[in-house]
Structure formats: C-alpha cells, structure tokens
Amino acid sequence: MNDTTELIQALAQQVVTVVKQALSKVADPQARTNVAWIETALRDVLRQIGAEALSQWLSVAHPTPEAERPCACGGTLRYQRYRSAPILSVFGRVRYERAYYAGCTCGHGCAPLDEQYGLQPGHVSAGLSELLTLAGVELAFEHSQRWLKGFLLFDVSENTIRHETQMLGQAQADHETTVREQSHDPTWLQAHLRSAEPIPARLYGSLDAAKVRIEPRDPAEKQADHEAWRDLKVGCWYEAEPVPPRQQSPRQQAATERGQLCQRATNIHYYCDLTDAKAFGDLMWATGCAALADLTRELVFVCDGAAWIWNLITTHYSQAVQIVDWYHAADRLHRVAHAAFGPGEARERWLERTTTDLWGGRVTEVIHACADLEVRCAEAHDARTYFTNNQTRMRYPEYRQAGYLIGSGTVESSCKQIVTQRLKCSGAQWLVPGAIDTAKARAAWLSGDWTPVCTRWATLPLAV
C-alpha cells in the first residue's frame with residue numbers, strides 16, 4: 001500500500017465521521033440506513049471539502065508578493081495588500097486571498113493570481129462554466145437549473161446558465177470569424193495547399209434550414225398577427241463508412257436489398273447561423289477549408305431541392321458532385337399521388353411506376369407523369385418544376401454505382417438536434433443573438449469540438 005492510498009483511507013475515515021454526525025441530527029432514523037441519503041450526505045461533505053481545498057490552494061499559490069510589477073500601460077504597479085475575492089466553482093461559492101497591485105497613473109489594478117489561473121472574481125470558474133454550458137446546450141435554461149442542482153448540490157441561476165452557454169457560443173462565433181478571414185487570405189490559402197493533414201479521399205457536405213421563433217423587437221412586428229419565424233441555416237461536413245450487417249436498421253436492410261451500399265456518416269462537423277444565404281456561403285467556404293473540402297479528391301453534396309442551397313454550392317464548390325436527397329425526391333411523388341388520386345389501385349400503380357422510374361434515373365418519365373396530372377392537381381405542377389430543375393442531380397443509378405450516399409439524413413438530423421430539440425423547446429422564444437449563440441454552442445458539442453471551444457473560452461483575456 002503506497003502513501004497516497006493510506007492518506008485517502010485516513011481522509012475517508014474522517015469524512016465518514018463527519019457524515020455520521022450530520023445524519024445523527026436528522027429526525028428520520030431511517031436516514032442512517034438509507035443509501036440514497038448516505039450518498040447525498042457524502043457528496044455534500046466532499047463538496048464542502050473541495051471548496052475549502054480550492055480556497056486554500058489559491059490563497060497560498062503566491063505566498064511572497066513582489067513589491068512592484070509592470071503595468072500593461074507601461075507604468076508601474078505597487079503591491080497594496082491581500083484582497084479577498086469570490087468565485088463560483090464546481091464546489092460552490094469559494095473565497096480566496098490574493099495579492100493586489102495598484103498605484104499606476106492609468107488607474108488600473110491587477111491581481112496576478114487571477115491572470116495566472118484565468119479567474120474573474122464574482123464569476124464562475126472555467127470548470128463550472130463547462131458544466132453549465134453542457135446543461136445549457138442540452139436543456140431549456142429553466143430546466144437545466146433544476147437538473148444541475150441534483151448533480152452540483154447547490155443552486156445556479158437560470159441567467160448564469162444562459163450567460164455561460166451563450167458566451168461559449170460567442171467564442172465559437174469568434175473562432176468562425178477568424179476562420180473566415182483566413183479562408184480569404186492568399187498567404188494562408190497558399191500554406192493551406194501544402195497542408196500536412198490527412199486529406200479524406202471522399203468528403204460529403206449537406207445544407208438545410210429550420211424555422212426558429214424569434215421574439216419581435218420592432219413595434220410594428222409586435223403588433224402583427226403572425227409570429228416572427230426565421231430560418232436557422234445548418235450545414236455539416238462528414239465522411240461515410242459501411243454499416244456492418246448486424247448493426248443495420250430495417251430501413252438500411254431494405255436499402256441493401258435494393259442493391260444500395262449501406263453506409264453511415266462519421267467524423268461529422270456541424271456549423272450554423274441565422275443569417276442570409278450569402279453570409280452563410282462564406283461560412284460554408286471557411287468551414288470547408290478547415291475540413292479540407294477544397295483539397296479532397298471527391299466532394300459530394302447531398303441536399304434537398306432548395307434553390308438557395310444549390311446556388312451556394314455552385315458558387316463555392318462548382319466541381320462538387322450534386323445529389324438531390326433520394327428521400328425528398330421520393331416524398332414528392334407520394335405527395336402528388338395522394339393529392340391526385342383517391343385511395344385505391346390507381347394511386348398505388350402510379351406511385352410504384354414513378355418511384356421505380358426515379359430509382360432507375362429515368363427522370364424524364366417522372367416529369368411526364370407529373371405533367372399528365374397538372375390539370376387536376378397543383379401538387380403535380382410543383383413536382384414537375386422540382387424534378388425539371390433538379391434532373392441533373394437525380395442520376396441515382398450512377399451515384400449508387402459510385403458508392404455515394406444518396407440520403408441527406410445527416411443534415412436532417414442536425415436540424416432536429418440543434419433546432420427542434422433545443423431551440424424549439426416548449427414555450428421557447430429567442431432574441432436573435434441568443435438563438436445564434438446557443439445554436440453555435442450546441443453545434444460545437446454535437447461536432448465533438450467541445451474541448452477546443454471550451455479551452456478557447458477559458459483562456460480569453462479578462463476585462464480590466
């Protein structure tokens with residue numbers, strides 16, 4: 001048994017003594033044999049020990065202060081005294097003592113310990129900030145407040161959770177601004193061409209949009225009868241890998257039986273913004289450079305038929321393969337069949353024939369079939385236009401032969417995970433900045449970029 005083990009056992013015995021004393025004062029005698037009560041009591045004592053230990057750690061970090069130190073303005077700061085400061089940490093509220101310097105002609109002061117550890121008195125610590133943001137990207141802020149208390153054993157306000165979540169989203173937005181600037185810098189682009197990173201042989205991209213309810217701020221908007229909904233545009237970059245037969249869903253098994261290679265998305269990176277198409281195109285190009293989309297041998301976009309999507313892809317990645325999502329296209333035929341025919345064999349025959357033609361890449365026949373129904377069905381007219389405009393993106397036999405994914409489920413899922421599950425919580429209504437920041441924070445979490453984003457946020461310079 002080493003010294004560390006012996007020390008832990010000794011500390012554990014002392015913790016048990018403290019918890020027993022606490023439980024002895026509980027009116028309910030069953031508490032002393034209720035494991036849930038014992039666990040909670042142990043956690044609370046350990047939390048208090050952690051708070052005291054963090055306080056002591058910070059208070060003795062700089063035992064001997066210097067008499068003077070340089071100020072950021074070029075002047076000189078002089079040691080004043082040890083000053084107490086509070087922070088809200090993963091253990092609760094903690095106070096610590098640290099050397100404070102002032103006396104410069106610029107009027108600013110500083111505490112070197114705060115700068116060294118990235119502390120901002122009166123605010124949350126970096127460790128707690130990450131936990132609050134994890135809750136904030138998963139749950140509505142009012143729900144995450146109650147959820148967190150069960151884990152932390154102390155209250156954190158809803159506004160604090162909102163602030164930390166949205167500040168991390170702002171950090172992600174700042175990073176995206178930097179990436180956008182780099183992607184238009186000739187010097188950076190030249191170095192990018194010589195990138196030593198492994199370039200994926202085939203990379204996919206998808207774009208989509210989903211509605212977010214925005215609280216009207218303009219008086220005229222507030223008086224309008226309709227609610228203000230805005231499109232949050234979402235994009236993703238990803239690769240694909242085969243799905244082992246044992247892991248295939250019934251839908252995937254059916255696709256395999258049709259002769260389609262069963263694949264799933266992997267290494268997914270999401271990005272999003274509540275902005276116009278042109279600005280979103282700049283973000284698509286910048287994130288694409290980061291994902292090496294401009295260097296990959298095969299770049300494939302699988303999306304629905306929205307015109308703004310294909311315009312952006314043609315503008316920024318004109319050499320990419322463009323595929324209209326098979327399921328969107330097939331769904332168009334279902335809608336026409338149900339609008340043009342009543343229940344019965346005629347509907348099923350028409351739907352089976354046109355779906356077979358679409359699967360076989362015979363889009364001209366599909367267009368003619370829709371045109372024949374235009375007189376009695378407006379849905380058929382819209383479908384004819386849709387298939388005509390996207391005919392070159394529906395060469396499904398060719399795509400299957402090449403082993404391409406032909407479904408945009410990845411970006412459909414991203415819209416559900418970012419918008420539906422988080423921004424469309426019951427009663428949710430957003431201001432534009434809050435919606436953007438929360439969405440970007442959640443996109444970072446879903447992309448697996450959480451640690452880099454949290455690190456950037458934790459190391460931001462503090463305001464003087």
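**Burial, pairing and packing in a predicted model**

Colleague: Does Val 94 count as buried or exposed, and at what relative accessibility?

Modeller: The model is predicted, and in it Val 94 belongs to strand E3, which covers residues 92-102. Since buried means under 20% relative accessible area, Val 94 counts as buried, its relative accessibility being 1%.

Colleague: Which residues is Val 94 in contact with, leaving aside its neighbours within four places in sequence?

Modeller: Gly 50 lies 44 residues away from Val 94 along the chain, and the C-alpha atoms of these two residues are separated by 9.5 Å. Once the neighbours within four places in sequence are left aside, the residues in contact with Val 94 are Ala 51, Leu 54, Ser 55, Ala 85, Pro 86, Ile 87 and Ser 89.

Colleague: In what order do the five strands of the open sheet stand?

Modeller: Strand E4 (residues 202-213) is joined to strand E7 by four bridges, and these two run parallel, with Gly 205 standing opposite Phe 301 of E7. E7 (residues 298-303) is in turn joined to E8 by four bridges, again with the strands running parallel. The pairing in the sheet as a whole is mixed, and its order is E6-E5-E4-E7-E8.

Colleague: Which strands stand at the edges of that sheet?

Modeller: A strand with a single partner strand has one side left without a neighbour in the sheet, and this is so for two strands here. On average, neighbouring strands of the sheet are turned by 25° against each other, direction ignored. The strands at the edges are E6 (263-273) and E8.

Colleague: Which residue in E8 is the bridge partner of Cys 303?

Modeller: E7 is mostly covered, with five of its six residues buried, and together with helix H11 (residues 307-316) and E8 it makes a right-handed β-α-β unit. Among the bridges from E7 to E8, Val 300 is paired with Val 321 and Val 302 with Ile 323. For Cys 303, the bridge partner in E8 is Val 324.

Colleague: How far apart are the end C-alpha atoms of helix H12, and what span should its residues have?

Modeller: Helix H12 takes in the 15 residues 326-340, which at 1.5 Å a residue should span 21 Å. The expected span agrees with the separation of the end C-alpha atoms of H12, which is 21 Å.

Colleague: Within what arc do the buried residues of H12 fall, seen down its axis?

Modeller: The buried residues of H12 are Trp 326, Ala 329, Ala 330, Arg 332, Leu 333, Val 336, Ala 337 and Ala 340. They line one face of the helix, because seen down the axis of H12 they fall within an arc of 145°.

Colleague: What covers the buried residues of H12?

Modeller: The cover includes one strand already met at the sheet edge, E8 (321-324). It also includes the helices H13 (345-359), H14 (363-371), H15 (378-389) and H16 (396-402).

Colleague: Which residues does Gln 166 touch, not counting those up to four places away in sequence?

Modeller: Gln 166 is found in helix H6, residues 158-183, and it is buried, with a relative accessible area of 15%. Not counting residues up to four places away in sequence, Gln 166 touches Phe 141, Trp 430, Gly 434, Asp 437 and Thr 438.

Methods
Residues are numbered from 1 along each chain as its sequence is written. This is a predicted model: local features need pLDDT of at least 70, side-chain atom pairs count only at pLDDT 80 or more; totals for chains, interfaces and linings use all residues. Side-chain values use heavy atoms; hydrogens and water are left out. The expected span of a helix is 1.5 Å times one less than its number of residues. Buried means under 20% relative accessible area, exposed over 50%, partly exposed in between (1.4 Å probe, protein chains only). The arc is that of the directions from the helix axis to the C-beta atoms. Contact means heavy atoms within 4.5 Å. Two strands pair if DSSP finds at least two bridges between them. A crossover is right-handed if, with the strands pointing away from the viewer, the path from the first strand over the helix to the second runs clockwise. Axes are lines fitted to C-alpha atoms, for helices over the stretch in contact, and angles run from 0 to 180 degrees between N-to-C directions.
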